[in-house]
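Here's a quick briefing to get you oriented. Have a look at the model first, then work through the notes below.

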Amino acid sequence: MTIVFWILAALTVAGGLAAVTLRNTVHCALAVTAAFAGLALLFLQLDAQFAGFAQILVYIGAVAILVVFAILLTRGSETAEHGVFSRTWLAGLCIAAAVFAVLGWAVLRSVNAIPQQAAAPVVSVKDIGNALMSRYVLPLEIVALLLTAALVGAVMVAMHEKGEAK
Amino acid sequence: MTPLAGYLLVAALVFAIGLAGALTRRNAILVLIGIELMLNAANLNLIAFWRYGPHPEALTGVMFAVFSIAVAAAEAAVGLGLVISIYRHARTTDLDKMNRMKG
């Protein structure tokens with residue numbers, strides 16, 4: 001457990017906590033971007049360079065921008081006269097705490113059973129490309145189809161309907 | 001504590017935070033942010049098991065995480081499109097006020 005890991009873990013958890021607790025939604029979007037960056041750096045710390053940079057490109061580059069656009073396009077709903085948390089917040093918090101308790105208990109109980117390979121795996125982006133083009137070529141095509149369909153569908157859903165008042 | 005257990009605990013904590021956000025916030029966009037956090041926590045688990053598992057050269061965990069990132073991007077696009085569509089219709093993103101199936 002290096003000091004770098006603890007710093008990145010603290011950044012990620014603090015970003016996540018800020019994202020779900022802050023009142024201003026734009027601040028929430030910024031905090032979740034920090035959490036995504038912390039996770040990307042954790043991926044890099046785990047020697048998964050490709051996944052780390054994909055995380056930076058997709059989450060910080062695309063999803064965070066998309067979230068900010070959605071927040072700004074729905075700006076009229078900012079008032080929040082009844083507070084930012086829903087009526088059933090206590091039940092939700094209890095469920096989340098219970099889930100964390102079970103997960104943490106499972107991890108700490110099985111700490112001797114889980115593998116602890118020390119040597120860093122030597123995997124280049126070329127290996128990943130070769131794997132994507134050989135063994136994983138069918139999932140790659142399916143994901144390409146899914147992304148195309150989802151983006152066309154998102155545009156269709158968000159588009160103005162004909163004759164609808166703005 | 002082994003390194004893998006540390007990563008798994010961080011992932012569990014981020015997952016719980018995302019779940020709490022998805023269950024307690026009123027704003028639909030912040031519920032989506034909570035779901036994204038949960039997906040990311042799952043990805044961290046996959047990569048940590050790949051890194052410390054017995055066969056890292058098989059690349060299974062990294063591939064799973066990369067495909068999961070792609071699917072999460074599609075999910076975010078469709079989810080935010082739905083939120084914008086609902087906002088245009090109901091003039092609100094407050095989930096407690098969306099209590100009718102009929103428009």
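Let's start with a single residue: D47(A) sits in the loop that links α2 and α3 of chain A. Keep in mind that this is a predicted model, and the predictor gives the complex an ipTM of 0.92 along with a pTM of 0.90.

**Two residues with positive phi**
- D47(A) isn't a glycine, yet its phi is positive, near 65 degrees.
- D47(A) counts as partly exposed because it has 17 C-beta neighbours inside 10 Å, and a residue needs 20 or more to be buried.
- Over in chain B, R91(B) is another non-glycine residue with a positive phi, near 60 degrees.
- You'll find R91(B) in the segment after α3 of chain B.
- R91(B) has 12 other C-beta atoms within 10 Å, so it is exposed; the limit for that label is 12 or fewer.

**Where the chains meet**
- On the chain A side, 71 residues are in contact with 68 residues of chain B.
- The chain A elements that give two or more residues to this side are α1 (3-21), α2 (25-45), α3 (49-73), α4 (89-109), α5 (125-133) and α6 (137-158).
- The largest share of that side comes from α3(A), with twelve residues.
- Sorted by class, the side of chain A that touches chain B has 55 nonpolar residues, 13 polar ones and three charged ones.

**The largest nonpolar core**
- This core has 78 residues, and the members that touch the most others are V67(A), A11(B), I47(B) and V62(B).
- Both chains feed into it: α1, α2, α3, α4 and α6 of chain A each give two or more residues, and so do α1 (3-24), α2 (28-52) and α3 (60-90) of chain B.
- Domain 1 (1-78) and domain 2 (122-166) of chain A each supply at least three residues to this core.
- Leaving out residues up to four places away in sequence, A11(B) touches A41(B), L44(B), N45(B) and A48(B).

**Domains of chain A**
- The domain assignment splits out domain 1 (1-78) and domain 2 (122-166) in chain A.
- Taken over C-alpha atoms, the centres of these two domains are 21 Å apart.

**Confidence in chain B**
- Chain B has an average pLDDT of 89, and 99% of its residues score at least 70.
- As a rule, predicted coordinates shouldn't be read in detail where pLDDT is low.

How values were computed: Residues are numbered from 1 along each chain as its sequence is written. Chains are lettered from A and ligands numbered from 1 in the order in which they are written. This is a predicted model: local features need pLDDT of at least 70, side-chain atom pairs count only at pLDDT 80 or more; totals for chains, interfaces and linings use all residues. Two residues are in contact if their C-beta atoms, placed from the backbone, lie within 7 Å. Helices (H or I, at least four residues) and strands (E, at least two) are DSSP runs, numbered from the N terminus. Ala, Val, Leu, Ile, Met, Phe, Trp, Tyr, Cys and Pro count as nonpolar, Asp, Glu, Lys and Arg as charged, and the others, Gly among them, as polar. Domain bounds come from an automatic or database domain assignment. A nonpolar core is a set of buried Ala, Val, Leu, Ile, Met, Phe, Trp, Tyr and Cys residues joined through C-beta atoms within 7 Å. pLDDT is the predictor's confidence in each residue, from 0 to 100.
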